[in-house]
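Welcome to a short set of exercises with worked solutions. Take a look at the sequence and the structure, and keep both at hand as you work.

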Amino acid sequence: MPRPTAAQLAYGSCTVIFSTLAMLLLSQTSSAVGIAIIAVAALALGLLVAMTVPLSGKRPAAVEPAPEEPVRASVRASAPAPEPVRERAVS
């Protein structure tokens, strides 16, 4: 499994912190069970965000097929052209 990048760590950490604060302020809970549930939910959300951050440079580019070109025979310029084969008459 590849190591997380700096961007993944930053996005995941910020998500955990801000989502924990937002859920605590919106729920106005003061019980230990409520705070524990919010903390676990924030950690799960932070992990989800960190894993969905696109990796830089690791995504393969879309490969388009090359247009087909006719095959061309290559001939060396320095070599003389071969002589045509002459058939002998059978006598």
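The exercises below go from the whole protein to single residues, and the model they use is a predicted one.

**Exercise 1. The whole protein**

Find how many helices and strands the protein has, and what share of its residues is buried.

Solution.
- Step 1: Begin with the secondary structure, which comes to 2 helices and 0 strands.
- Step 2: Turn to burial; of the 91 residues in the protein, 12% are buried.
- Step 3: Finish with the surface. About 8,700 Å² is exposed, and carbon and sulfur atoms supply 65% of that area.

**Exercise 2. Following Q8**

Decide whether Q8 is buried or exposed, then find the polar atoms around its side chain.

Solution.
- Step 1: Place the residue: Q8 sits in helix α1, which covers residues 6-27.
- Step 2: Compare its accessibility with the cut-off. Buried means under 20% relative accessible area. Q8 has 8%, so Q8 counts as buried.
- Step 3: Look at the side chain. One of its polar atoms is 2.9 Å from the backbone nitrogen of T5, and a polar atom of the Q8 side chain also lies 3.3 Å from the backbone oxygen of A50.
- Step 4: Check the distance to A50 along the chain and in space. Q8 and A50 are 42 residues apart in sequence, yet their C-alpha atoms are 4.6 Å apart.

**Exercise 3. The segment before α1**

Work out how T5 should be classed by accessibility, and how far it is from V53.

Solution.
- Step 1: Locate T5 in the segment before α1.
- Step 2: Its relative accessibility is 29%, so T5 counts as partly exposed.
- Step 3: Along the chain, T5 and V53 are 48 residues apart, while 9.5 Å separates their C-alpha atoms.

**Exercise 4. Two more residues of α1**

Which residues does S19 contact, leaving aside neighbours within four places in sequence? Which residues make a nonpolar surface patch with I17?

Solution.
- Step 1: S19 belongs to helix α1, and its relative accessible area of 11% means that it is buried.
- Step 2: A polar atom of the S19 side chain is 2.5 Å from the backbone oxygen of T15.
- Step 3: With those sequence neighbours set aside, S19 is in contact with A42 and L45.
- Step 4: Now take I17, also found in helix α1. Together with F18 and L21, I17 makes a nonpolar surface patch of about 330 Å².

**Exercise 5. A residue in the loop**

Where does Q28 lie, and what is the sign of its phi angle?

Solution.
- Step 1: Q28 is in the loop between α1 and α2, the latter spanning 32-52.
- Step 2: Its relative accessible area is 68%, so Q28 is exposed.
- Step 3: Phi of Q28 is near 50°, a positive value in a residue other than glycine.

Notes. Residues are numbered from 1 along each chain as its sequence is written. This is a predicted model: local features need pLDDT of at least 70, side-chain atom pairs count only at pLDDT 80 or more; totals for chains, interfaces and linings use all residues. Side-chain values use heavy atoms; hydrogens and water are left out. Helices (H or I, at least four residues) and strands (E, at least two) are DSSP runs, numbered from the N terminus. Buried means under 20% relative accessible area, exposed over 50%, partly exposed in between (1.4 Å probe, protein chains only). A polar contact is a pair of N or O atoms within 3.5 Å; within protein, one must be able to donate a hydrogen and the other to accept it, and residues adjacent in sequence count only if both atoms are side-chain atoms. Contact means heavy atoms within 4.5 Å. Patches are made of residues with over 30% relative accessible area and no salt bridge: like charges are joined within 9 Å, nonpolar side chains (Val, Leu, Ile, Met, Phe, Trp, Tyr) within 5 Å. Accessible areas come from the Shrake-Rupley method with a 1.4 Å probe; for residues, only the protein chains shown count as cover. A salt bridge is a side-chain nitrogen of Lys or Arg within 4 Å of a carboxyl oxygen of Asp or Glu.
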